[in-house]
Amino acid sequence: MFVLELTYTAPVERVDALMAEHITWLDEQYAAGVFIASGRKNPRDGGVILAVAEDRAAIEKIAAADPFAAHGVCAYRIIEFIATKTAPALAPYRQQLP
């Protein structure tokens, strides 16, 4: 499982200009079963995405395709973790330690 932290590197006006494209990209990742949750940080200096994928390389490729990243208005920090405990609704995403 992965936590993707986005930090804006451009004025919020440039971010907002790309918001529709970003939302389309988010919707595609939800439809593909990659994203579990997402939203803006507070204060609004970026966002956070909770994602699942086979490996880090897949997540890096997905993040690079975000219009925010492609247009240079955000930087990504990707944190990988093993979700050994979850809320009951997230049980399908539980993982075993290697």
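This passage walks through the core, the main pocket and a few individual residues of a predicted model.

Local features were kept only at pLDDT of at least 70 and side-chain atom pairs only at pLDDT 80 or more, while totals for chains, interfaces and linings use all residues. Numbering runs from 1 along each chain as its sequence is written, and side-chain values use heavy atoms, with hydrogens and water left out.

The core comes up first. The largest nonpolar core (buried Ala, Val, Leu, Ile, Met, Phe, Trp, Tyr and Cys residues joined through side-chain atoms within 4.5 Å) has 21 residues, and those with the most contacts inside it are Leu4, Phe35, Ile49, Ala51, Ile59 and Phe68. At least two residues each come from strand 1, helix 2, strand 3, helix 3 (56–64) and strand 4 (74–80); helices here are DSSP runs of H or I with at least four residues, strands are runs of E with at least two, and both are numbered from the N terminus. Strand 1 gives the largest share of this core, 4 residues. Ile49 has contacts (heavy atoms within 4.5 Å) beyond four places in sequence with Phe2, Val3, Leu4, Leu6, Trp25, Leu26, Phe35, Ala37, Ser38 and Tyr76.

Then there is the largest pocket, with a volume of about 180 Å³. A pocket is an open set of points on a 1 Å grid over the protein atoms alone, where a 1.4 Å probe fits, with protein on both sides within 12 Å along at least five of seven lines; lining residues have an atom within 4 Å of a point. Volume is the space filled by probe spheres set on the points, which are joined across faces, edges and corners. Of its 14 lining residues, His22, Leu26, Gly39, Arg40 and Gly47 are closest to the centre. Two or more lining residues come from each of strand 1 (2–8), helix 2 (19–31), strand 2 (35–40) and strand 3 (46–51).

Ser38 sits in strand 2 and is partly exposed at 36% relative accessible area (buried means under 20%, exposed over 50%, partly exposed in between, with a 1.4 Å probe and protein chains only). Beyond four places in sequence, Ser38 contacts Leu26, Tyr30, Val48 and Ile49. Its C-alpha atom is 6.2 Å from that of Leu50, 12 residues apart along the chain.

Gln29, in helix 2, counts as buried, with 12% relative accessibility. Outside its four-place sequence neighbourhood, Gln29 touches Val34, Phe35 and Ile62. Finally, a cis peptide bond joins Asn42 and Pro43, with omega about 10°; Pro43 lies in the loop between strand 2 and strand 3.
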